[in-house]
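Student: Pick one part of this model and take me through it closely, starting from a single side chain and working outwards. I'd like the backbone oddities included, and a word on how far to trust what we see.

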Amino acid sequence: MDGRRTSLDIEEYPNTEVQKNQVLTLEEWQDKWVNHNTAFHQEQGHQFADRGHSVIGVEISELGIREFFTEQNLSYSEEPITEIPGAKVFKSSSGNISLYCCSIFDLPRTNIGKFDRIWDRGALVAINPGDRKCYADIMSSLLGKKFQYLMCVLSYDPTKHPGPPFYVPQAEIERLFGKICNIHCLEKVDAFEERHKSWGIDYLFEKLYLLTEK
């Protein structure tokens, strides 16, 4: 036995504020794409648009957006976002995928409306812990009636890895969204890989939550 904890019922780390002062700038996130330091990037995308949905995404890295369209072999157009100086929106030629190249915190200025479904994969765990309340307020403002909000977070020992991705316990999700959302944990998966040893941790669980209208 290597001492690794394998129970999916592992208790969450009790100190929810251990990473609260950690900060990563937008420039540092963009540098990750430039330097190909993108272990968070999945080779296979989720098939929302393939199933007939209109999809809107937000990504700070223009390089990351262009790589998406190239990887998916999709033609696209680009245009400036008049409400946000320097920002752009990239739209697939089919018209059902729009990717906004801007900070998530600038998104409300674009008046993009409400959403029936939100898929938060790698977003809340990437937001600086001190900005989570602002992020939650923005996401809450985008929710339509009878919404379904899927959220994927990570559980590990935050005293051993400063993040990102940051540790997000269920108590934090309840603090941020509990007033307006019912919160259900759908699954817990052992996501520990060999590369995670370099973080100094010995376990990593991926948890999938479903948030619905209260």
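Tutor: Let's start with Cys 101, which is buried at 10% relative accessible area (buried is under 20%, exposed over 50%, partly exposed in between, with a 1.4 Å probe and protein chains only). Keep in mind that this is a predicted model, where local features need pLDDT of at least 70, side-chain atom pairs count only at pLDDT 80 or more, and totals for chains, interfaces and linings use all residues. Residues are numbered from 1 along each chain as its sequence is written, and side-chain values use heavy atoms, with hydrogens and water left out.

On to the sulfur: a search of the whole structure turns up zero disulfides, a disulfide being a pair of cysteine sulfur atoms within 2.5 Å. For Cys 101, the nearest cysteine sulfur belongs to Cys 102 and sits 7.2 Å away. Elsewhere, Cys 181 is buried too, at 2% relative accessibility.

Now the surroundings. Strand 4 covers 97-101, and a loop links it to strand 5 (115-121); strands (E, at least two residues) and helices (H or I, at least four) are DSSP runs numbered from the N terminus. Ser 98 belongs to strand 4 and is buried, with 13% relative accessibility. Leaving out residues up to four places away in sequence, Ser 98 touches Val 55, Ile 56 and Gly 57, along with Val 89, Phe 90 and Lys 91 (contact means heavy atoms within 4.5 Å). Gly 57 is 41 residues from Ser 98 along the chain, yet their C-alpha atoms are 6.4 Å apart.

Step into the loop between strand 4 and strand 5 and you meet Ser 103, buried at 10%. With residues up to four places away left out, Ser 103 touches Leu 26, Val 58 and Ile 60. Asn 111 sits in this loop as well, but it is exposed, at 66% relative accessible area. Its phi is positive, about 50°, although Asn 111 is not a glycine. As background, most residues other than glycine have a negative phi, and most peptide bonds are trans.

Asn 111 has some company there. Lys 146 has a positive phi near 55°, lies in strand 6 and is exposed at 70%. Asn 73, which follows helix 2, also has a positive phi, near 55°. At the N-terminal end of helix 2, Ser 61 is the cap, with a side-chain oxygen 3.4 Å from the backbone nitrogen of Leu 63. Within helix 2 (residues 62-71), Gly 64, Ile 65 and Phe 69 are buried. Those three span an arc of only 135° around the axis, so they are on the same side of helix 2; the arc is taken from the directions from the helix axis to the C-beta atoms.

For peptide bonds, look at the loop between strand 6 (143-155) and helix 4 (170-177), where Pro 164 is found. The bond joining Gly 163 and Pro 164 is cis, with omega about -5°. Another cis bond joins Pro 164 and Pro 165, again with omega about -5°.

As for trust, the mean pLDDT is 86, and 83% of residues reach 70 or more; pLDDT is the predictor's confidence in each residue, from 0 to 100. Over residues 1-9 the pLDDT is below 50, and that stretch makes 14 contacts beyond near neighbours in sequence. Where pLDDT is low, the predicted coordinates should not be read in detail.

Conventions
A polar contact is a pair of N or O atoms within 3.5 Å; within protein, one must be able to donate a hydrogen and the other to accept it, and residues adjacent in sequence count only if both atoms are side-chain atoms.
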